[in-house]
Each structure stands twice: as structure tokens, then as C-alpha cells.
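Reader: I've got a new structure open and I'd like to learn how to read it. Can we go through it together, feature by feature?

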Amino acid sequence: MAKIPDKHILLDIYNRLLSKYGAQHWWPGDSPFEVIIGAILTQSAAWTNVERAINNLKSADALSTQAIMTLSLEQLAKLIRPSGYYNAKALKLKAFVQWLDENYRNDLKIISTVETNALRNQMLAVYGIGNETADSILLYALDRPVFVIDAYTRRIISRISLLSEDNTYDEYQQYFMKHLPVDLKLFNEYHALLVRLGKNACRKKPLCGDCCLTDICRLYIGSG
DNA sequence: GGCCAGGACACCA
DNA sequence: TGGTGTCATGGC
């Protein structure tokens, strides 16, 4: 079988997922700031638990940079408790809003003037902001066309043998950004669809034989 | 009762 | 540079 160009595979997978699952309408959140808070709270946590934490913040009128700066660490941790790792995440939220305050006067409009890669590097220097969280913020809160890599993406792409589990975050990201048109809407929807597939697909080795990931594996590597 | 969920960081060799 | 431990709730 002739080798299919990677860009065609990636677009084909995207179209199949979009056809199967439909638009995912990410990121859930009423404002860019809420998206940022969600991106931090969802680290290694189920989204349903993050929603609880965000609702607690809303109920306490604490979903703002000013409120998060004003609350004590203990008060903040108590509000976000359902999202897990609440002590660590309270520190992370504090660190982020402090950075936002010191560098951009809490004004996301000012951030819009900063070049994407420079902004990414700035965020990576903030405690608690790693590759995935920085890229989630860039893509879903700040409308920058960067591709977000997460555990689901790695699992799916390595399972199809396009890359290895051992490849780095940057290598995964470069792979997508090299083989896809740089398009905000496409990157937004693609990542959301991969998460949807990841949640839906079994993790068995070999695959169950009855999930969407099995179908995709059969298409591209001839086995499940 | 164990595993997992839309990670990141500290520490050690 | 890579491997391991830690942080922790809630659903299944």
C-alpha cells in the first residue's frame, strides 16, 4: 500500500471525527478569563469536577483577577476543592493573575498586541503553566492558532503509528502544525475532537475492535 | 477498592 | 536528560 501523505491522513482523521461527533463548541466558558481559569483547573482532572470548582468561584463572586488576588490561599483552595490538587492549583491561579496584573494590568486586550511565541514563553515562566496549559490558553482564550497536545492526542496518534509515545510535546505540536493549514478554527475543533475520541475510545491493547479508534487504526495501519 | 481524568513541578542520578 | 514521586477530588 502506497504511503499516504501525513497531511492527508490528519485532515482525513479530522473530517471523520467531525462527521462522527459533530462540532464540539470548545472551550466551554463565558469569557476568556474563565477559559484561562478552566485551563489551569483541568490539569489532570475531570472536567465535571472543574465545572464544580468554577461554579463555586462564580457563586462566591470570585471569578476575576482582583478577587483571586484578594482571597487568601486557603479561601481560594476551598472554593476550587472539587477540581483536585486544590492547594497546588490555588498557588497556580495566584501566580497567573499576579503575572497578568504585573505585566498587563489585568487587561487581556493589551495581551492581544504581543506576538504569540513571546507570549507563550512568558506564560511558560509562570508557575503552574506548562506546554499544554499555555497552548490551551493561547488557542481557546486568546484566539492564537497553536495546536494543543494532550494525553489523548499522544495516545491516539501513537496508536495510529504516526508518532511514538516517546516523542516530545514540541515534536507532536510541530507534526500537526507542519501538516495542517494554520487555522484557528481547525486547531480549535481538532483538539476538541481528539479529546472526544479519546474519551470514547477504549484503551485496550489490542483495541476492543468496536470503537472509532479501532476504525481509524484499521484504515491507516491495517489493524486494531 | 482501584483506576482514571482535557498536567506540572521538584528531586535525584 | 530521563525517571519517579507528589499533588487530590469525584465518577465509574
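Reader: Let me start with one helix: what covers the buried residues of α2?

Author: Keep in mind that this is a predicted model. To read burial, look for residues with 20 or more other C-beta atoms within 10 Å of their own. In α2, which runs over residues 32–41, the buried ones are Ile36, Ile37, Gly38, Ala39, Ile40 and Leu41. Their cover includes α3, α6 and α9 (131–141).

Reader: Okay, and which residues touch the most other members of the largest nonpolar core?

Author: Those are Leu93 and Ile137, in a core of 49 residues. That core takes at least three residues from each of domain 1 (6–25 + 148–221) and domain 2 (32–141). If you skip neighbours within four places in sequence, Leu93 is in contact with Ile37, Ile40, Ile68 and Leu76. You've already met two of these, as Ile37 and Ile40 are among the buried residues of α2.

Reader: How do I read the two domains, and how many residues does each give to the contact?

Author: Start with the assignment: chain A is divided into domain 1 (6–25 + 148–221) and domain 2 (32–141). Each of them gives six residues to the contact. On the domain 1 side, four of these are nonpolar, one is polar and one is charged. Taken over C-alpha atoms, the centres of the two domains are 27 Å apart.

Reader: Now the DNA. Which residues surround strand C?

Author: Here's the list: Ser44, Ala45, Ala46, Thr48, Asn49, Arg81, Pro82, Gly84, Tyr85, Tyr86, Asn87 and Ala88. The elements giving two or more residues to this surface are α3 (47–59) and α6 (86–104). Helix α6 has the largest share, with three residues. Sorted by class, the surface has six nonpolar residues, five polar and one charged.

Reader: And strand B: which residues are closest to it?

Author: Gln43, Ser44, Gly130, Glu132 and Thr133 are the closest of the 24 residues around DNA strand B. Two or more residues come from each of α9 and α12, and α9 gives the most, with four. The classes here are 11 nonpolar, 10 polar and three charged.

Reader: You mentioned α12. How do I check the span of a helix like that?

Author: Count 1.5 Å a residue, so the 17 residues of α12 (184–200) should span 24 Å, and the end C-alpha atoms are indeed 24 Å apart. Its buried residues are Phe187, Asn188, Glu189, Tyr190, His191, Ala192, Leu193, Leu194 and Leu197.

Reader: Does a general rule help me see which way helix residues point?

Author: Yes: an α-helix has 3.6 residues a turn, so residues three or four places apart point the same way.

Reader: Let me try a single residue. Why does Tyr220 count as partly exposed?

Author: Because Tyr220 has 16 C-beta neighbours inside 10 Å. You'll find Tyr220 in helix α13 (residues 212–221). Now look along the chain: Tyr220 and Ile4 are 216 residues apart, yet their C-alpha atoms are separated by 8.5 Å. Leaving out neighbours within four places in sequence, Tyr220 is in contact with Ile9 and Ile160.

Reader: One more: which residues is Ala77 in contact with, leaving aside its neighbours within four places in sequence?

Author: Tyr86, Asn87 and Ala90. Ala77 sits in helix α5 (residues 73–79) and is partly exposed, with 18 other C-beta atoms within 10 Å. From Ala77 to Lys89 you count 12 residues in sequence, and 7.4 Å in space from C-alpha to C-alpha.

Methods. Residues numbered from 1 in each chain as written. Chains lettered and ligands numbered in written order. Predicted model: local features only at pLDDT ≥ 70, side-chain atom pairs only at ≥ 80, totals over all residues. Near = placed C-beta within 6 Å. Nonpolar A, V, L, I, M, F, W, Y, C, P; charged D, E, K, R; others polar. Expected span 1.5 Å × (residues − 1). Buried ≥ 20, exposed ≤ 12 C-beta atoms within 10 Å, placed from the backbone. Core = buried A, V, L, I, M, F, W, Y, C linked by C-beta atoms within 7 Å. Domains from an automatic or database assignment. Contact = placed C-beta atoms within 7 Å.
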